[in-house]
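Welcome! Here are some short exercises, each with a worked solution, to help you find your way around a structure that is new to you. Please have a look at the sequence and the model, then go on.

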Amino acid sequence: MGRAFEYRKATKLKRWGHMARTFTKIGKEITIAVQGGGPEPENNPTLRAIIATAKRENMPKDNIERAIKNATGKDKSDYKHVSYEGYGPHGIAIFVDTLTDNTTRTVGDVRSVFNKFDGNLGTTGSLSFLFDHKAVFTFKKKDDVDMEDLILELIDYGVEEDFDVDDEEGEVTIYGEPTSFGDIQKHLEEAGFEITSAEFTYIPNDLKDVTPEQRETIDKMIEKLEDFDDVQDVYTNMKPE
């Protein structure tokens, strides 16, 4: 398996260790999708992709339907994506992805954690050279499809030649340009693939080794950041264990 796959697998296991927190975060993504493309999954590819991810994470059907209904109600929240970048302890780069309806609250919360751990919150784009922003799709393998041929078809959409196969789960993971998210999803669906996860992620292009003691401190910082409801994901260039 490739470096990107192993990094995502390691961080997702840690990030989604708390089921209630995971459902809350997916619920916010559903809200954004519904407000942007409507509540009908068949007419909203973004919502369709998020529902696939929700099912993969065992989010109950009632929770999904409730999130869709709440997104169309008069008391719905107006969320927006905001990212924060900076350096934490021991020079580790930290990228914080949030969905918030109050940016003043969110930036204050994020800054307080960086300050507590003697980190430095930088400006937007300051870590762009350390992370690759990717659209990531995971789907069920089909025995009658040659993956090399499929990748060649998707290269026009910015999909990378390298892909990862998880034989245990019977799944394939591909990586592409975020701007081509909808086109990649459409192509996979039209080809009859069952998409089990579709998301955007940040993958570090240079992982940094740390000592066990340093890792403990950085993990504590990540946990503090993830305690905030507004924080969706935290990415670092710390090498996974």
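**Exercise 1. Decide whether Thr196 counts as buried or exposed, and find what surrounds Thr196.**

Solution. Keep in mind throughout that this is a predicted model.

- Step 1. The relative accessibility of Thr196 is 8%, and buried means under 20%, so Thr196 counts as buried.
- Step 2. Place the residue: Thr196 belongs to strand S7, which covers residues 195–204.
- Step 3. Look for neighbours, skipping residues up to four places away in sequence. Thr196 then touches Ala52, Thr53, Arg56, Thr138, Phe139, Lys140 and Glu171.
- Step 4. Pick out a polar contact: the side chains of Thr196 and Glu171 make one, at 3.2 Å.

**Exercise 2. Thr138 is among the neighbours of Thr196. Work out where Thr138 lies and what Thr138 is in contact with.**

Solution.

- Step 1. Thr138 is part of strand S4, residues 131–140.
- Step 2. With 4% relative accessibility, Thr138 counts as buried.
- Step 3. Set aside the neighbours within four places in sequence. The contacts of Thr138 are then Arg56, Glu171, Val172, Thr173, Glu194, Ile195, Thr196 and Ser197.
- Step 4. Compare the two lists: Arg56 and Glu171 appear in both, that of Thr138 and that of Thr196.

**Exercise 3. Check whether the length of helix H3 agrees or disagrees with its number of residues.**

Solution.

- Step 1. Helix H3 runs over residues 45–56 and has 12 residues.
- Step 2. At 1.5 Å a residue, the expected span is 16 Å.
- Step 3. The end C-alpha atoms of H3 are 17 Å apart, which agrees with that expectation.
- Step 4. Now look at the start of H3. There, a side-chain oxygen of Asn44 comes to within 3.2 Å of the backbone nitrogen of Thr46.
- Step 5. Finally, list the buried residues of H3: Leu47, Ala49, Ile50, Ile51, Ala52, Thr53 and Ala54.

**Exercise 4. Describe how H3 packs with helix H7.**

Solution.

- Step 1. Two packed helices are described by the angle and the distance between their axes.
- Step 2. H7 covers residues 181–190, and its axis is 10 Å from that of H3, at an angle of about 70 degrees.
- Step 3. Angles from 65 to 115 degrees count as roughly perpendicular, and H3 and H7 are therefore roughly perpendicular to each other.
- Step 4. Which residues meet? From H3 they are Pro45, Thr46, Arg48 and Ala49, and from H7 they are Phe181, Gln185 and Glu189.
- Step 5. Sorted by class, this contact of H3 with H7 holds three nonpolar, two polar and two charged residues.

**Exercise 5. Find out what is unusual about the phi angles of Asn58 and Asp118, and where these residues sit.**

Solution.

- Step 1. Most residues other than glycine have a negative phi.
- Step 2. Asn58 is not a glycine, yet its phi is positive, about 65 degrees. Asn58 follows H3 and sits in the loop between H3 and helix H4 (61–71).
- Step 3. Asp118 is not a glycine either, and its phi is positive too, about 55 degrees. Its place is the loop between helix H5 (103–116) and strand S3 (120–121).
- Step 4. Asn58, at 58% relative accessibility, counts as exposed. Asp118, at 67%, also counts as exposed.

**Exercise 6. Explore Tyr87: give its strand, its exposure and its separation from Asp118.**

Solution.

- Step 1. Tyr87 is in strand S1, residues 80–87.
- Step 2. Its relative accessible area is 32%, and Tyr87 is partly exposed.
- Step 3. Tyr87 and Asp118 are 31 residues apart along the chain, and their C-alpha atoms are separated by 9.0 Å.
- Step 4. Leaving aside neighbours within four places in sequence, Tyr87 is in contact with Ile92, Ala93, Phe114, Gly119, Asn120, Leu127, Phe129 and Leu130.

**Exercise 7. Describe the surroundings of Leu154.**

Solution.

- Step 1. Leu154 lies in helix H6, residues 147–154.
- Step 2. With 0% relative accessibility, Leu154 counts as buried.
- Step 3. Not counting neighbours within four places in sequence, Leu154 is in contact with Val159, Ile174, His187 and Leu188.

Notes
Residues numbered from 1 in each chain as written. Predicted model: local features only at pLDDT ≥ 70, side-chain atom pairs only at ≥ 80, totals over all residues. Heavy atoms only, no water. Helix = DSSP H or I, 4+ residues; strand = E, 2+ residues; numbered from the N terminus. Expected span 1.5 Å × (residues − 1). Buried < 20%, exposed > 50% of the residue type's maximum accessible area, 1.4 Å probe, protein only. Polar contact = N/O pair within 3.5 Å; in protein donor to acceptor, adjacent residues only side chain to side chain. Axes fitted to C-alpha atoms, helices over the stretch in contact; angles between N-to-C directions. Parallel < 35°, antiparallel > 145°, perpendicular 65-115°, else oblique. Contact = heavy atoms within 4.5 Å. Nonpolar A, V, L, I, M, F, W, Y, C, P; charged D, E, K, R; others polar.
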